[in-house]
Amino acid sequence: MAPKQDVVLLLQLLLGPALARSCSPLPLVLNTWPFKNATEAAWKTLVLGGSTLDAVERGCAVCEREQCDGTVGYGGSPDELGETTLDAMIMDGATMNVGAVGDLRRVKNAIGVARKVLEHTTHTLLAGESATKFAESMGFVSEDLSTDASRALHSDWLARNCQPNYWRNVIPDATKYCGPYKPPSIAKQDGPTYKETGYDYGHDTIGMVVIDQAGHTAAGTSTNGIKFKIPGRIGDSPIPGAGAYADDAAGAAAATGDGDVLMRFLPSYQAVEYMRGGESPAAACHRVISRIHKYFPEFFGAVICANVTGGYGAACNKLPTFTQFSFMVYNSLKNQPTEEKVDCV
C-alpha cells in the first residue's frame, strides 16, 4: 500500500487538471499569519475527502500542537496568575451551527473541544472550568498547559511590577504597581486617570476559512489570548461574528488582533454581510478595518475574507510597528501553500 503522503500527492495530481480546466479557484484554504503547516493540513484534509469542518479543525489543531508564535495552544500567554487558558470556535456555514470554548483550562486541543460543543450540544459557547469538565466528559485529557517558557514570562512580568496590564481607574496605580486592585470608590481615595498605553501586545490568533469545491464554507479560530490578561478574560476568538463567521450564501471571514476591540464590532460577520451585498472580499475587509479605525485609530488588527466563488482578500490597520499583514492561501490554482501580504491602511 502506498504511503499516505503518496496518496495525497496522487489525488492532487488527479484533481488538479480538472479543477484547472474549470478555472475555478475552489477549494480554498485561507488563514491568518504565515502558519504554513496549518494551511497544508487543512488542504490535505479536503483532498482526502474531509469536510470543510474537518479541514478547519485539523488546520487549527496543527497550530495548537506547534504553539504557533507562542500565541496559539499551550505554553503561551500566561494570565496574571501565570496560567495559560485557551479560546476557540468553529462554524459551519451550511447549517449556521457553531461550537466554541472560552477560558478553557488544562485541555490542549481547544478547537477539538469546540467541535464537540457543535456536534454534541445545542449550545454555542462553553467557558471556564465547566468547559474543562465538558471536555473531560468528551474524552479529552486534562493536563497542565504551562511550560518553562510561560512560567519564565510570568516571573519576568511580576519582576517588572506587573507591566503591562489591563487595569484602569483603580487603586493602587496600575501603571506602576501590581495588584490586588480596587476601584477608588471602594478604596476611598482618588484613583489615576486612565490613559492608553503604547505597549505592543502582539497577539496572533489563527483564524481559518475553508470553502470546498461545492461552495460550502466553514471558519474557525484558536488562541491562548493575550499575555498577562485578567483571569477570566475572553476575547473575540470564540465569539461568532467576531473571531470568525461563515455563511454558504455569501462567504466567510476571520479576524486577528486586539480581541477586546475587535469583538465590539463583529468584524467577521460584518465582512460577510458586505460580501452578501456585492462587495469584493478585499473591499469587504477594508471597510471593516476602516469602521473600527474610526473609533480606535491605534488598534492592532487584521481580517481575512473569502466569497463562495473563491475570491479572497485581506486588510489590516496600519501602525508604526505593523505596516503589512501576512496570510496563507491554498487553492486549486496553486500547487502549494502560498504566503501573501497586504499593505495596511
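Q: How many of the nine residues of β3 are buried in this predicted model?
A: The model is predicted. Strand β3 is largely enclosed by the rest of the structure. This follows because, of its nine residues, the number that are buried is seven.

Q: In which sense do β2 and β3 pair, and over how many bridges?
A: Strands of a sheet pair through backbone hydrogen bonds, either parallel or antiparallel. Within the pairing considered here, Leu86 stands opposite Leu104 in β3. The sense of the β2 and β3 pair is antiparallel, and its bridges number seven.

Q: Which residue in the hairpin of β2 and β3 takes a positive phi?
A: The hairpin has four residues between its strands. A positive phi near 65° occurs there, and the residue that takes it is Met96.

Q: Which residue of β4 stands opposite Ala100?
A: Strands β3 and β4 run parallel and are joined by three bridges. Opposite Ala100, the residue in β4 is Leu125.

Q: What is the order of the strands in the open sheet of eight strands?
A: The pairing in this sheet is mixed. The strands β4 (125–127) and β12 (338–343) stand at the edges, each with a single partner strand, so one side of each has no neighbour in the sheet. On average, neighbouring strands are turned by 15° against each other, direction ignored. The order is β4-β3-β2-β6-β5-β1-β11-β12.

Q: Which residue of β6 is the bridge partner of Val209?
A: Strand β5 (residues 206–211) pairs with strand β6 (residues 217–223) in the antiparallel sense, over six bridges. The partner of Val209 in β6 is Ala219.

Q: What angle does the direction of helix α3 make with that of β5?
A: Helix α3 (residues 52–66) packs on the sheet and touches β2 (85–92), β5 and β6. Its direction and that of β5 make an angle of about 155°.

Q: Which strands does helix α4 touch?
A: Helix α4 (residues 110–120) also packs on the sheet, and its direction makes about 135° with that of β3 (97–105). The strands that α4 touches are β2, β3, β4 and β6.

Q: Within what arc do the buried residues of α5 fall?
A: In helix α5 (residues 128–137), the buried residues are Gly128, Ala131, Thr132, Phe134 and Ala135. What covers them includes β3, α4 and β4. The face turned away from the buried side carries the exposed residues Ser130, Lys133 and Ser137. Seen down the axis, the buried residues line one face of α5, because they fall within an arc of 160°.

Q: Which residue just after α5 takes a positive phi?
A: Its phi is about 100°. The residue in this place, just after α5, is Gly139.

Q: How far apart are the end C-alpha atoms of helix α6?
A: Helix α6 (residues 148–159) has 12 residues. At 1.5 Å a residue, α6 should span 16 Å. The model agrees with this expectation, as the end C-alpha atoms are separated by 16 Å.

Q: What arc around the axis do the buried residues of α6 cover?
A: The buried residues of α6 are Ser150, His154 and Trp157. They lie on the same side of α6, whereas the face turned away from the buried side carries the exposed residues Asp148 and Ala159. The arc that places the buried residues on one side is only 60°.

Q: Is Pro172 buried, partly exposed or exposed?
A: Pro172 lies in the loop between α6 and α7 (184–187). Leaving aside neighbours within four places in sequence, Pro172 is in contact with Tyr177, Cys178, Pro180 and Tyr181. Its relative accessibility is 26%, so Pro172 counts as partly exposed.

Q: How far apart in space are Glu339 and Lys36, C-alpha to C-alpha?
A: Glu339 is in strand β12 and, at 40% relative accessibility, counts as partly exposed. Beyond its neighbours within four places in sequence, Glu339 is in contact with Pro34, Ser326, Phe327 and Met328. Glu339 and Lys36 are 303 residues apart in sequence, yet their C-alpha separation is 7.8 Å.

Q: How many residues has the largest nonpolar core?
A: In soluble globular proteins, nonpolar side chains tend to be buried together. Buried residues make up 52% of the 345 residues in this protein. Met208, Val209 and Phe325 have the most contacts inside the largest nonpolar core, and its residues number 86.

Conventions. Residues are numbered from 1 along each chain as its sequence is written. This is a predicted model: local features need pLDDT of at least 70, side-chain atom pairs count only at pLDDT 80 or more; totals for chains, interfaces and linings use all residues. Side-chain values use heavy atoms; hydrogens and water are left out. A nonpolar core is a set of buried Ala, Val, Leu, Ile, Met, Phe, Trp, Tyr and Cys residues joined through side-chain atoms within 4.5 Å. Buried means under 20% relative accessible area, exposed over 50%, partly exposed in between (1.4 Å probe, protein chains only). Two strands pair if DSSP finds at least two bridges between them. Helices (H or I, at least four residues) and strands (E, at least two) are DSSP runs, numbered from the N terminus. Axes are lines fitted to C-alpha atoms, for helices over the stretch in contact, and angles run from 0 to 180 degrees between N-to-C directions. Contact means heavy atoms within 4.5 Å. The expected span of a helix is 1.5 Å times one less than its number of residues. The arc is that of the directions from the helix axis to the C-beta atoms.
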